[in-house]
Amino acid sequence: MTEPITEQPAPQTQPALETERLILRPFALSDAKEVQRLCGNFAVADTTLNIPHPYPDGAAEEFFSTHPAKFEKGEGVVFAITLKTDNSIIGGMGLDVTKRFHRAEIGYWIAKPFWNQGYATEAGKAVVDFGFTQWSLHKIVGTYLNRNPASGRVMEKIGLVQEGVLHDHVIKWDRYEDIVTCGIVRA
């Protein structure tokens, strides 16, 4: 007796999210040079854990290539943060999912000319909402370098609460750094 053929669900396509001033959309290969330029600013790399400096050729393309499969498997999502007015990229934000615990870690960067204008907060609220409503996550966590209190303010504004400080937890630029951990549980 043969087994019935079951139809596989169609691959999911990452949606775009819209806020008052922003469109959060998947990165495209055509974004690579601009991302390299924006992330190539030392101040951006210095305030994040995983952005290298100098930002190497091909790194953006390699990073983008992982996004569709990660999204399709429900393991994460990464959005390009763009301005509604002219579609220019001003940053990136994503969720890295740990399915076993129904949890994700939020991560982001904003290009230096766009700091202190509320863009990370605006995008962050949309991404947290996406994680809770679309993926039914139980908790979203975030970490930031203790010496980057601006990132801590963003996390606070999007609802994450400080849960602790991990002393000398990571190495950035050949020195140990304290990491502040934050989290929010779905209401």
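1. The account may start from the pairing of strand 5 with strand 6, which runs in the parallel sense over four bridges. Within this pairing, Ala-104 has Ile-140 of strand 6 as its bridge partner. The structure is a predicted model, and the remarks that follow should be read accordingly.

2. The connection between these two strands deserves attention. Strand 5, helix 5 and strand 6 together make a β-α-β unit, and this unit is right-handed.

3. Strand 5 also pairs with strand 4 (residues 89–98), here in the antiparallel sense and over eight bridges. Gly-91 stands opposite Ile-110 of strand 5 in this arrangement. The two strands form a hairpin, with four residues between them. In the turn, His-102 has a positive phi of about 55°.

4. Helix 6 comprises residues 149–157, and its buried residues are Ser-151, Gly-152, Val-154 and Met-155. Seen down the helix axis, these buried residues fall within an arc of 155°, so they line one face of helix 6. The general background is that an α-helix has 3.6 residues a turn, so residues three or four places apart point the same way.

5. What does the buried side of helix 6 pack against? Its buried residues pack against strand 5 (103–110), helix 5 (119–133) and strand 6 (139–145), and also against strand 8 (175–185). The elements of the β-α-β unit, namely strand 5, helix 5 and strand 6, are thus among the packing partners of helix 6. The face turned away from the buried side carries Glu-156 and Lys-157, which are exposed. After helix 6 comes Gly-159, with a positive phi near 105°.

6. The structure holds nine salt bridges. One of them joins the side chains of Glu-122 and Arg-21, at 2.7 Å from N to O. Glu-122 belongs to helix 5, while Arg-21 lies in the loop between strand 1 (17–18) and strand 2 (22–25), so the pair ties together parts that are 101 residues apart in sequence. Glu-122 counts as buried, at 14% relative accessibility, whereas Arg-21, at 28%, counts as partly exposed.

7. A further salt bridge links Arg-147 with Asp-46, their closest N and O atoms being 3.2 Å apart. Because Arg-147 lies in the loop between strand 6 and helix 6 and Asp-46 in helix 2 (residues 42–46), the pair ties together parts that are 101 residues apart in sequence. Arg-147 is partly exposed at 33% relative accessibility, and Asp-46 is buried at 18%. These two residues also take part in a network of salt bridges that links Asp-46, Arg-147, Arg-175 and Glu-177.

8. Strand 4 is involved in a salt bridge as well: the side chains of Asp-96 and Lys-70 meet at 3.2 Å, N to O. Asp-96 lies in strand 4 and Lys-70 in helix 4 (residues 67–72), so this pair ties together parts that are 26 residues apart in sequence. Both residues count as partly exposed, Asp-96 at 41% relative accessibility and Lys-70 at 27%.

9. How many disulfides does a search of the whole structure find? The search finds zero. As to individual cysteines, Cys-39 is buried, with a relative accessible area of 2%. Cys-182 is likewise buried, with a relative accessible area of 4%.

Notes:
Residues numbered from 1 in each chain as written. Predicted model: local features only at pLDDT ≥ 70, side-chain atom pairs only at ≥ 80, totals over all residues. Heavy atoms only, no water. Buried < 20%, exposed > 50% of the residue type's maximum accessible area, 1.4 Å probe, protein only. Arc of directions from axis to C-beta. Contact = heavy atoms within 4.5 Å. Disulfide = S-S within 2.5 Å. Pairing = 2+ DSSP bridges. Right-handed = clockwise from strand over helix to strand, strands pointing away. Salt bridge = Lys/Arg side-chain N within 4 Å of Asp/Glu carboxyl O.
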